[in-house]
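Let's take a walk through this structure. Have a look around first, and then we'll go through a helix pair and a pocket.

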Amino acid sequence: MTHLTLQAVTRRFGAAQAVDSVDLSVPDGKLVCFLGPSGCGKTTLLRMIAGLETPTSGSIHFAGRDITRLPANQRDFGMVFQSLALFPHMTVAQNVAYPLKLRKTARDQQTRRVAELLELIQLPHMANRPVTQLSGGQRQRVAIARAIASQPKLLLLDEPLSALDAKLREAMQMEIRLLQQRLGITTIMVTHDQREAMTMADEIVVMEKGRIAQVGKPLDIYRDPVSEFVADFIGLGNILPVTYDGAGGVNLPGGRRISVAQTARMPASGSDIRLLIRPEDVCVKPASDSAAPNRLAGTVTFIRDVGASLEATIDCAGFTLTAATTPRETPGLTLGMPVLAELPSHACKLIAARAAH
Ligand code: ATP
């Protein structure tokens, strides 16, 4: 069932179009990430769903009801926004109890619910500690507990982990995801970190200049991006300008021809086309291997070996490729070494080039 629907939602600030005619359905119980570069309109879109911002035009429906102009405090959504920080003069328990107090929940029920929530975020021993004495990660957990205290039907998170260091951030990503799945609460989270979106989301909404560039499951978007912008934003990729002959072959920069598998979304033949191949799909072979089709001669110009994984940059005369492998898969790789880079045709995706600015 779809709980939240946005129809042609637009928000202008003066002449600037922050959000431009966005249509979206958010399925019940899922975690959806709004992902995109700075200024693409993610926060503005989330704020309109929260009721902290009013659309210039368009409508927002929740559970069958038009909420476009309903004030934020009447929406009953849980929110973790940077602008809605924890109350510094209160303890952990007081912060978590705050929404319950606002709703005039009975005292004993408040106490029970707060204890339950502190258990959930694994901070039951810190109930009486002032929030100013918590670590960043603990504070974020309290903010989430406060946001879900009154059992909202929708949880809205705006870059909830941006202030945390990398390790804590990854731990919190897992925690939020597990909590969200356990509670089955429909959640929308804004992030500009594609790894975070890939890790946490059921669905990613990639945004570009106020519009939706693509919506889909993380791996579907990674494997089949609709445009150069999306391909470039989601994950690492080799993106090469090519010409397509309309018959399963492309000419690479420098003139070599390779074959590509036909897919449902083939662009028309022509020149404004890019070939996308992910680094993990580039196979590095010894130069002495046979020169089969789709194998390109090149030279290793850079190696990033971090033990568990290895990334090699290969100069193929006319363009460079990045190949992701492991030290075990490609032992003995050295700088300046001649190699063959194989681009399997099934892993070569053709996409439309990004429109010139
Ligand atoms: P970030 O990741 O940097 O937070 P974002 O994708 O969340 O970016 P928004 O904050 O939604 O982007 O902003 C989208 C555009 O709208 C930007 O160009 C921004 O400058 C503009 N904008 C946002 N809020 C306002 C405002 N209150 N007044 C004027 N312009 C605004």
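What follows starts with the two helices and then turns to the pocket.

Keep in mind that this is a predicted model, where local features need pLDDT of at least 70, side-chain atom pairs count only at pLDDT 80 or more, and totals for chains, interfaces and linings use all residues. Residues are numbered from 1 along each chain as its sequence is written, and side-chain values use heavy atoms, with hydrogens and water left out.

Find helix H4 at residues 136-148 and helix H5 at residues 166-183; helices here are DSSP runs of H or I with at least four residues, and strands are E runs of at least two, numbered from the N terminus. H4 and H5 pack at about 20 degrees with their axes 11 Å apart (axes are lines fitted to C-alpha atoms over the stretch in contact, and angles run from 0 to 180 degrees between N-to-C directions). That's why H4 and H5 are roughly parallel, a label for angles under 35 degrees. On the H4 side, the touching residues are Gly137, Gln140, Arg141, Ile144 and Ile148, while H5 brings Leu168, Met172, Glu175, Ile176, Leu179 and Leu183; contact means heavy atoms within 4.5 Å.

Now for the largest pocket. Which residues lie nearest its centre? They are Asn73, Phe77, Met79, Pro99 and Leu102, out of 19 that line the pocket (lining residues have an atom within 4 Å of a pocket grid point). Strand S6 (78-80), helix H2 (92-102) and H4 each give two or more residues to this lining, and H2 has the largest share, with three.

Technical notes: Angles under 35 degrees count as roughly parallel, over 145 as roughly antiparallel, 65 to 115 as roughly perpendicular and the rest as oblique. On a 1 Å grid over the protein atoms alone, a cavity is a set of points where a 1.4 Å probe fits but cannot get out, and a pocket is an open set with protein on both sides within 12 Å along at least five of seven lines; lining residues have an atom within 4 Å of a point.
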